[in-house]
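Biologist: Please take a close look at a single part of this model, namely the way in which its helices pack against one another. I should be grateful for the terms as you use them, and for an account of the individual residues that belong with that picture.

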Amino acid sequence: MARIFGLVACAIALLLPSLSGGVRSAPFAGQVLSSVPRHRAPTKATPAPQPFVSPHARTSQRQRHAPLPRSDRQVVLTFDDGPDLDTTPLVLEALDQFGVKAAFFVAGRRLIGNSAQARARRALLQEIAARGHLVANHTVRHKNLCKEPQLIDDEIDHNQRILTQMLGHPPKLFRPPFGAQCPQLDEAIAQRQLVSVGWTIDPQDWRTRDPAQVANYVYTRLQNMEAHAVLLMHDTRKTGVRALPLILQWLADEQARASRGETRPIAVVSPSALLPEHAVEPTGLEPVVEEWAQNLALLPGATRLGPAQP
């Protein structure tokens, strides 16, 4: 019996080399190995040119206004921090040239006092409203109210009084400086029944001196938008002001292309689309004390303002 087991073991030992060699020479095994690519250093692709955008560019999706009416493509134009005697008239001229209305989020510090400049800026604000644009609240001193919550009430209410005195009715829209958002500020806005307006396109026109960069960034974002957009610009920044006619001309050209069936329509819609559907109109029956407080707010030295904010 032992001799039989020994013979079997010898036979198996003789067969193993040929079996293992068969596996190494099998065509399928060779095909699998040959299909595995050899390791090579990756080729560095040339980056595609990118539209201008600041490394700190921030696009806010936090609008709490009612959605704009849906159509192919729509954009609302908004301007912050004015009015400015040098640049805001140029914005108004460009908007008139293209028949476009916009929302102006005003910083009240520009309207306070009895200097010739302050009086001229108040007259300019009334001109903005007279041309059919919407004037809105952007606080008095452009503070980040979530970092300084003790200023929330005064910054909103003081500016509301100033603008009410100028316009004859209280603004309904509010934009927090820096797009700040926190529970305390949200509650204050809601208590005052204001509509807080964010933005979807921010070309950061205060970070560059090249209006073409600002315009090209806006073109790209508008081309890629699905339904509607809120464009943030500044009527106090020369770069953005110079970019505005380029943007408006591009929008006009897009409309012309759309009329020929070459692209989807895109329209600049009135900022009234941002207003609440059931806004309460002013009654004109404000108390005499409130009127006195509004007049006092416009007197020189009535408010101590800090340094100008960007």
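Modeller: Two helices are called roughly parallel when the angle between them is under 35 degrees, roughly antiparallel when it is over 145, roughly perpendicular from 65 to 115, and oblique for the rest. Such an angle runs from 0 to 180 degrees between N-to-C directions, and the axes are lines fitted to C-alpha atoms, for helices over the stretch in contact. The helices (H or I, at least four residues) and strands (E, at least two) are DSSP runs numbered from the N terminus.

The model is predicted, which is why local features need pLDDT of at least 70 and side-chain atom pairs count only at pLDDT 80 or more, while totals for chains, interfaces and linings use all residues. Residues are numbered from 1 along each chain as its sequence is written, and side-chain values use heavy atoms, with hydrogens and water left out.

The protein chain holds 9 helices and 7 strands. Of its 310 residues, 42% are buried; buried means under 20% relative accessible area, exposed means over 50%, and partly exposed lies in between (1.4 Å probe, protein chains only). Contact means heavy atoms within 4.5 Å. Among contacts between residues at least 6 apart in sequence, 78% join residues at least 24 apart.

Consider the pair H4 and H5. Helix H4 covers residues 116–130 and helix H5 covers residues 152–167; they pack at an angle of about 70° with their axes 10 Å apart. H4 and H5 are therefore roughly perpendicular to each other. The crossing of H4 over H5 is right-handed, a term that applies when the near helix is turned clockwise from the far one by less than a right angle, whereas an anticlockwise turn gives a left-handed crossing. H4 contributes Arg122, Leu125, Gln126 and Ala129 to the contact, and H5 contributes Leu163, Met166 and Leu167. By class, the residues of this contact are 5 nonpolar, 1 polar and 1 charged. In this scheme Ala, Val, Leu, Ile, Met, Phe, Trp, Tyr, Cys and Pro count as nonpolar, Asp, Glu, Lys and Arg as charged, and the others, Gly among them, as polar.

Residues in H5 and in the loops beside this pair add detail. Asp157 is found in H5 and is partly exposed, at 26% relative accessibility. Its C-alpha atom is 9.0 Å from that of Val140, a residue 17 places away along the chain. Gly132 belongs to the loop between H4 and E3 and is partly exposed at 45%; its C-alpha atom is 8.5 Å from that of Ala102, 30 residues away in sequence. The loop between strand E3 (134–137) and H5 includes Thr139, and His142 lies in the loop between E3 and H5 as well. Thr139 has a phi near 70°, positive although the residue is not glycine, and Thr139 is buried at 0% relative accessible area. His142 has a positive phi near 60°, again in a residue other than glycine, and counts as buried at 5%.

The second pair is H3 and H8. Helix H3 (residues 88–98) packs on helix H8 (residues 238–259) at an angle of about 10°, the axes being 9 Å apart. H3 and H8 are therefore roughly parallel to each other. From H3 come Leu90, Val91, Ala94, Leu95 and Phe98, and from H8 come Val241, Leu244, Pro245, Leu248, Gln249 and Ala252. These residues divide into 10 nonpolar, 1 polar and no charged.

Arg242 lies in H8 and is partly exposed, with a relative accessible area of 44%. The C-alpha atoms of Arg242 and Val91 are 8.7 Å apart, although 151 residues separate them in sequence. Leaving out residues up to four places away in sequence, Arg242 touches Arg209 and Pro211. A polar side-chain atom of Arg242 lies 3.4 Å from the backbone oxygen of Arg209.

On the approach to H3, Pro83 is found in the loop between E1 and H3, and a cis peptide bond with omega about 5° joins Gly82 to Pro83. Strand E1 (residues 74–80) contains Asp80, which is buried at 3%. The side chains of Asp80 and Arg175 share a polar contact of 2.8 Å; that term denotes a pair of N or O atoms within 3.5 Å, where within protein one must be able to donate a hydrogen and the other to accept it, and residues adjacent in sequence count only if both atoms are side-chain atoms. Beyond its neighbours within four places in sequence, Asp80 is in contact with residues including Phe105, His138, Leu232 and Asp235.
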